[in-house]
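Open your viewer and get ready to click around. We'll start with the whole chain, then zoom in on single residues.

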Amino acid sequence: MPWQAFVYGGLAAMTAEAMTFPIDMSKTRLQIQGQIADSSLTTLKYRGMFHTIGTVARQEGILSLFTGAKFALLRQGTYGTIRLGIYYSMKEKWEKSNVGLKMPLPHLVLLGGIAGVVGSFVTTPTDVMRVRMQASHHSASPPLLASFVTLFRTEGLRGLYRGAIPNAQRAAVVNGVQIPTYDVTKRNLLAAGLQDNSGTHFASSLFAGFLGSCFSQPIDVAKTRMMNQKLVENTNVRIYKGVLDTMLCTVRHEGVTALWKGFIPTFCRLGPWNVLFFMSLEQFRNLDNFINSRSKAVF
């Protein structure tokens, strides 16, 4: 599936994102609170995923749970297209040139990491806008193009790509763990005698989501805090200077466990997100196979 990998990857990613967005919003709110670097975020206002969602809905309105959704859908449509397209097209190319062999796990991890880095770098501006919209307390979000223009005028190119390095690092970790885990787990389950059906896809995708959450959470916390910080001049407010600086500052002021802030909503989002994503991807593949088989039957 050369071009199909790109198209179906984007469609599956948008499907999963649309159905799990409020959970992602709660994760962002939990990750940015308690910071010493920003006095407006020092107070621990939220006490968990459900409390965050309930508090936001009650104080800011139901629509606030979807603030920034259009930026997230734009990001996933582009990001999913790029990372899945690169991963599966290159994987298929390797296996065609090595007939009878399956790509080894280290190769899959490296390929997934590279695909994630490329996709994340291209879509960093949309991720910056998503984080800022989710962190704000306004249900209405500005138009897409106007948002990017305003950000560029006020903070320059650096503002558009604020947090690009931790974003790429997280994408490398998530994709290097998540996609190969799904492929290898599914392959092993099929080899053990299970059928290639929804149950196998569900188990493989949920396990991939759990491992992805465990490995990526510290980088995700750093990425979120770096993206949410504004350009502050002539003040004593500390600005995070990089991934390591963000992590060290977080650990120094809030403890090691702060690096896993928002883990429950992260997994509660990434678990279902993975299930929806990979199961949607499998259905798109089945549809593609059905259309191809019907075409061959006709012609």
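Here is a tour that goes from the overall fold to a few side chains.

Before you click, note that this is a predicted model, where local features need pLDDT of at least 70 and side-chain atom pairs count only at pLDDT 80 or more, while totals for chains, interfaces and linings use all residues. Residues are numbered from 1 along each chain as its sequence is written, and side-chain values use heavy atoms, with hydrogens and water left out.

**Stop 1: the whole chain**

Switch to cartoon view. You should find nine helices and zero strands, where helices (H or I, at least four residues) and strands (E, at least two) are DSSP runs, numbered from the N terminus. Read from that end, the order is α-α-α-α-α-α-α-α-α. The radius of gyration is 20 Å, close to the 19 Å that the globule rule gives for 299 residues, so the protein is as compact as a globular protein of that length. (That radius is taken over C-alpha atoms, and the rule is 2.2 Å times the number of residues to the power 0.38.) Along its principal axes, the C-alpha trace spans about 70 × 40 × 35 Å.

Now try a surface view. Of the 299 residues, 52% count as buried; buried means under 20% relative accessible area, exposed over 50%, and partly exposed in between (1.4 Å probe, protein chains only).

**Stop 2: Phe 21**

Select Phe 21, in helix 1. Is Phe 21 buried or exposed? With a relative accessible area of 2%, Phe 21 is buried. Leaving out residues up to four places away in sequence, Phe 21 touches a list of residues that includes Leu 65, Phe 66, Ala 72, Arg 130 and Gln 134; contact means heavy atoms within 4.5 Å. Try a distance label too: Phe 21 and Arg 269 are 248 residues apart in sequence, yet their C-alpha atoms are 8.0 Å apart in space.

**Stop 3: aromatic rings**

Stay in helix 1 and pick Tyr 8, then add Phe 284. Rings of Phe, Tyr and Trp (its six-membered ring) pair if their centres lie within 6.5 Å; planes under 30 degrees apart count as stacked, over 60 as edge-to-face and the rest as tilted. By this rule there are nine aromatic pairs. Tyr 8 and Phe 284 make a stacked one, 5.6 Å centre to centre with 10 degrees between the planes. Tyr 8 lies in helix 1 (residues 2-32) and Phe 284 in helix 9 (residues 263-298), so the pair ties together parts that are 276 residues apart in sequence. Tyr 8 counts as buried, at 10% relative accessibility.

Next, highlight Phe 277 and Phe 278. Their pair is edge-to-face, with 4.9 Å centre to centre and 70 degrees between the planes. Both Phe 277 and Phe 278 are buried. Add Tyr 182 and Trp 273 to see a cluster of four residues linked by ring pairs, namely Tyr 182, Trp 273, Phe 277 and Phe 278.

**Stop 4: two partly exposed residues**

Go to Val 173 in helix 6 (residues 164-191). At 23% relative accessibility, Val 173 counts as partly exposed. Beyond its neighbours within four places in sequence, Val 173 is in contact with Phe 215, Ser 216 and Ile 219.

Finish at Phe 202, in helix 7 (residues 198-228). Phe 202 is partly exposed, at 40% relative accessibility. Show its contacts and, not counting residues up to four places away in sequence, you'll find Val 275 and Met 279.
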